[in-house]
Amino acid sequence: MRDAPPVRFGVEQVRKLKSDAAFEDRCSSLDIAFPRSGIPNEVLATPFLVGSRRVGNRFCVLPMEGWDGTADGRPTENVERRWSRFGASGAKLVWGGEAVAVRHDGRANQRQLNIGPESVGDLSRLRELLVSAHRDATGTVDELVIGLQLTHSGRWANPAGTAAPKIAFQHPFLDDRVGARAGDVVSDGWLDDLVGDFVEAARVAFEAGFDFVDVKHCHGYLLHELLSATERPGPYGGGLTGRTRFLGLVTEGIRRDAPGLMVGVRLSAFDLVPHCPGPDRVGTPVFLPSGKERYRFAFGGDGTGLGIDLTEVHAFCELLVALGIPLLCVTAGSPYYSPHIQRPAYFPPSDGYLAPRDPLIEVARMIDVTSELATSHPALSVVASGLTYLQEWLPGVAAGIVAGGGAASIGYGRGVLAYPGLPNDVLGSRPLARSELCRTFSDCTTAPRHGLVSGCYPIDPFYKSSQERVQLTIFKKQARDTD
Ligand SMILES: Cc1cc2nc3c(=O)[nH]c(=O)nc-3n(C[C@H](O)[C@H](O)[C@H](O)COP(=O)(O)O)c2cc1C
């Protein structure tokens, strides 16, 4: 039986909004408005340019890892299945597949993929599986652009089953979460070496046939954390020039060692003070500054801990353009301390909290930020994220965003685990398979938090009928009983 969510005032399930008018009414009552278009297939089927490459439609599969690689970081059958389904979706842009650690100490868990001696073969096979599933589903692989996401997990590194944080600076609220101490602050020399690892991983991706690499700057991982290292002394901290030095060096190295490989950046374009479950399990900030105090650790934050100031984010976008980086994927915060802002959900993951306000407001905020960046920096092809929560309303809003220039491409994340055929169905003007829509149960996050592989347990028959689902149900029941 499904978890019964605690009754919440002020949050209404999208699934229960039965008509266009009901959706619009709900949005007006929340004081938000989404761009909408009545002809999603026409708008979303148009190609666009990334640099000199044409991308055949406006759907993008977002990176979705599965906590299901081998102990030494190589793909398994589960990984291959996921990548095949990404290809079969019909989306012409594939943003990274999933996070791949550039070296062992950068893995976020013992089952994350990791660049190693077999990676050229492994990654080229994954890519081939994706391409061939795309061909089978759509009849052509023209204008299909595929990237690989490269990461170092930094503060959240856990390569061998125990937290082994590598931090850019000491953080007043996050250090205790992972047992980080002063000795875990990485040195400048260590970062110099890591630049080399990113460049080598990019070279491997190029050899494996990828079109671009994402130098991941989001979700609280190391390069995202560096962006708020204002108090770090030395070449990688201080002003924005120091905080973005790493990206400049990696890009320079890629141009040298993998000429022709495009570079993209997935960016948490704003961030908040960490949240935790408060009274009634509703998400609450762990701290809010008072008087003249400023919260200094949120890149894209306004110092209040909750507000946004995109001044530095615009400067970052200008830097991307100056570096010749044509692709930006916009996300926010971190799943470790602010999951409600980048993965709006009705049902929180087991280590999360109930949404502090209607998740539709979070979706609207992400769209606003994405749109501001896309319209201000036309040289960038900007990809939107966090739209799965829209469910039935995703295609119309996606088309509205693209038609209004609010993004070049529409990222599709959790939804692709449940309903990979949605892009194809929309592009083919077929009705949505409503029973396959992701209803944001968050099992794809709760499962790995309990050491199980990720996947869509409520909808995908492969996971629904798996032994892991039985274990997941037991974990969830235990969590409810101890609540
Ligand atoms: C199970 C799971 C795995 C994810 N893996 C990654 C990842 O490897 N890299 C990344 O940048 N984001 C990852 N994300 C975040 C998604 O790419 C996406 O930003 C998020 O789910 C919001 O988009 P959506 O509303 O379409 O789901 C993951 C999210 C989930 C739920």
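The legends below describe close-up views of a predicted model.

**Figure 1. Strand β9 within its surroundings.**
Strand β9 spans residues 262-268, and 7 of its 7 residues are buried, so the strand is largely enclosed by the rest of the structure. Both of its faces are covered. On one side, Met262, Gly264, Arg266 and Ser268 are buried. On the other side, Val263, Val265 and Leu267 are buried as well.

**Figure 2. The strands that pair with β9.**
Strand β8, made of residues 212-215, pairs with β9 in the parallel sense. This pairing has 3 bridges. Phe212 has Met262 of β9 as its bridge partner. Strand β12, residues 327-331, also runs parallel to β9, and 5 bridges join these two strands. Across this second pairing, Leu267 stands opposite Val330 of β12. Both residues named from β9 in this view, Met262 and Leu267, are buried.

**Figure 3. Thr331 in strand β12.**
Thr331 is a residue of strand β12, the strand that is joined to β9 by 5 bridges. With a relative accessibility of 1%, Thr331 counts as buried, because the cut-off for buried is under 20% relative accessible area. The side chain of Thr331 makes a polar contact with the side chain of His219, at 2.8 Å.

**Figure 4. The ligand and the residues around it.**
There are 22 residues around the ligand, and those that come nearest are Gln149, Arg266, Thr388, Gly413 and Arg414. One of these, Arg266, is also a buried residue of β9. The space that the ligand takes is the largest cavity.

**Figure 5. Polar atoms next to the ligand.**
Which residue has a side-chain N or O atom 2.7 Å from a nitrogen atom of the ligand? That residue is Gln149. An oxygen atom of the ligand lies 2.7 Å from an N or O atom in the side chain of Thr388. At Leu387, a polar backbone atom is 3.3 Å from an oxygen atom of the ligand. On its own the ligand has 610 Å² of accessible area, and the protein covers 99% of that area.

**Figure 6. Asp280 in a loop between two strands.**
Asp280 is located in the loop between β10 (275-277) and β11 (283-285). Is Asp280 buried or exposed? Its relative accessible area is 69%, so Asp280 is exposed, the cut-off for exposed being over 50%. Asp280 and Ser19 are 261 residues apart along the chain, and their C-alpha atoms are separated by 31 Å.

**Figure 7. Two loop residues with positive phi.**
Most residues other than glycine have a negative phi. Asp31 has a positive value, with phi near 65°. Asp31 is placed in the loop between α1 (20-30) and α2 (40-44), and at 71% relative accessibility this residue counts as exposed. Trp67, which is not a glycine either, has a positive phi of about 50°. The loop that holds Trp67 runs between β3 (59-61) and α3 (77-88). Trp67 has a relative accessible area of 17% and is buried. Of the two residues in this view, then, Asp31 counts as exposed, whereas Trp67 is buried.

Technical notes. Residues numbered from 1 in each chain as written. Predicted model: local features only at pLDDT ≥ 70, side-chain atom pairs only at ≥ 80, totals over all residues. Heavy atoms only, no water. Buried < 20%, exposed > 50% of the residue type's maximum accessible area, 1.4 Å probe, protein only. Helix = DSSP H or I, 4+ residues; strand = E, 2+ residues; numbered from the N terminus. Pairing = 2+ DSSP bridges. Near = heavy atom within 4 Å. Polar contact = N/O pair within 3.5 Å; in protein donor to acceptor, adjacent residues only side chain to side chain. Areas by Shrake-Rupley, 256 points an atom, 1.4 Å probe, with all protein chains shown as cover. 1 Å grid on protein atoms, 1.4 Å probe; cavity = no way out; pocket = protein on both sides within 12 Å on 5 of 7 lines; lining within 4 Å. Sits in = over half its atoms within 2 Å of the grid points.
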